[in-house]
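Please work through the exercises below with the sequence and the structure open beside you, and try each task before reading its solution.

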Amino acid sequence: MTVDDAKLYLRVDTSDDDALIQSLITAAESYIKQQTGKTKKIEGTEEKDISTDELYNICLKLFVAHWYENRGPEAVGTVVARFSHSVNAIIHHISMCGDYV
């Protein structure tokens, strides 16, 4: 995912946070790959880099949006900013699905 892709998803129009957004993308990619152990997507008889998979890219966007929008201290009063169910479900799917290696 490019910074421009992430900025479009985040609805960010300036370049002020480009370095931050790039670091969030890099961290999200690393997190997903470490949590799932998967780096490839099987399509037919081909193994493609996981970055070509739309589900993976949606998960990246959700991660980047979550981290971008919750840059302050994790706890606000007694509320903790947690990942959405969608993020956890996608990570679990990628981890368990035989279409990923």
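The exercises that follow concern charged and aromatic side chains in a predicted model.

**Exercise 1.** Determine where D53 lies, whether D53 is buried or exposed, and which residues D53 touches beyond four places away in sequence.

*Solution.* Begin with the position: D53 is found in the loop between β2 (46-49) and α3 (54-69). Next consider the accessibility; because the relative accessible area of D53 is 7%, and buried means under 20%, D53 counts as buried. Finally, once residues up to four places away in sequence are set aside, D53 touches K41 and Y100.

**Exercise 2.** Find out which partner K41 has in a salt bridge, and where the two residues lie in the chain.

*Solution.* The partner is D53, and the closest N and O atoms of K41 and D53 are 3.5 Å apart. This pair links distant parts of the chain, since K41 belongs to strand β1 (residues 40-43) whereas D53 sits in the loop between β2 and α3, 12 residues apart. As for accessibility, K41 is buried at 13% relative accessible area, and D53 is likewise counted as buried, at 7%.

**Exercise 3.** State how many salt bridges a search of the whole structure finds, and then examine the one between D17 and R71.

*Solution.* The search finds four salt bridges. In the one formed by D17 and R71, the closest N and O atoms are 3.7 Å apart. D17 lies in the loop between α1 (3-10) and α2 (18-36), while R71 lies in the loop between α3 and β3 (75-76), so this salt bridge ties together parts that are 54 residues apart in sequence. D17 is partly exposed, with a relative accessible area of 22%, and R71 is partly exposed as well, at 48%. R71 has a further partner to note, for its charged end sits over the ring of Y68, 4.1 Å from the ring centre.

**Exercise 4.** Work out what geometry the aromatic pair of Y31 and W67 has, and which residues the ring pairs link into a cluster.

*Solution.* The count comes to three aromatic pairs. In the pair of Y31 and W67, the ring centres are 6.5 Å apart and the planes stand at 85°, which makes the pair edge-to-face. Because Y31 lies in helix α2 and W67 in helix α3, the pair ties together parts that are 36 residues apart in sequence. Both residues are partly exposed, Y31 with a relative accessible area of 30% and W67 with one of 24%. As a last step, follow the ring pairs, which link Y31, F63 and W67 into a cluster.

How values were computed: Residues numbered from 1 in each chain as written. Predicted model: local features only at pLDDT ≥ 70, side-chain atom pairs only at ≥ 80, totals over all residues. Heavy atoms only, no water. Buried < 20%, exposed > 50% of the residue type's maximum accessible area, 1.4 Å probe, protein only. Contact = heavy atoms within 4.5 Å. Salt bridge = Lys/Arg side-chain N within 4 Å of Asp/Glu carboxyl O. Phe/Tyr/Trp six-rings, centres within 6.5 Å; stacked < 30°, edge-to-face > 60°. Lys NZ or Arg CZ within 6 Å of the ring centre and 35° of its normal.
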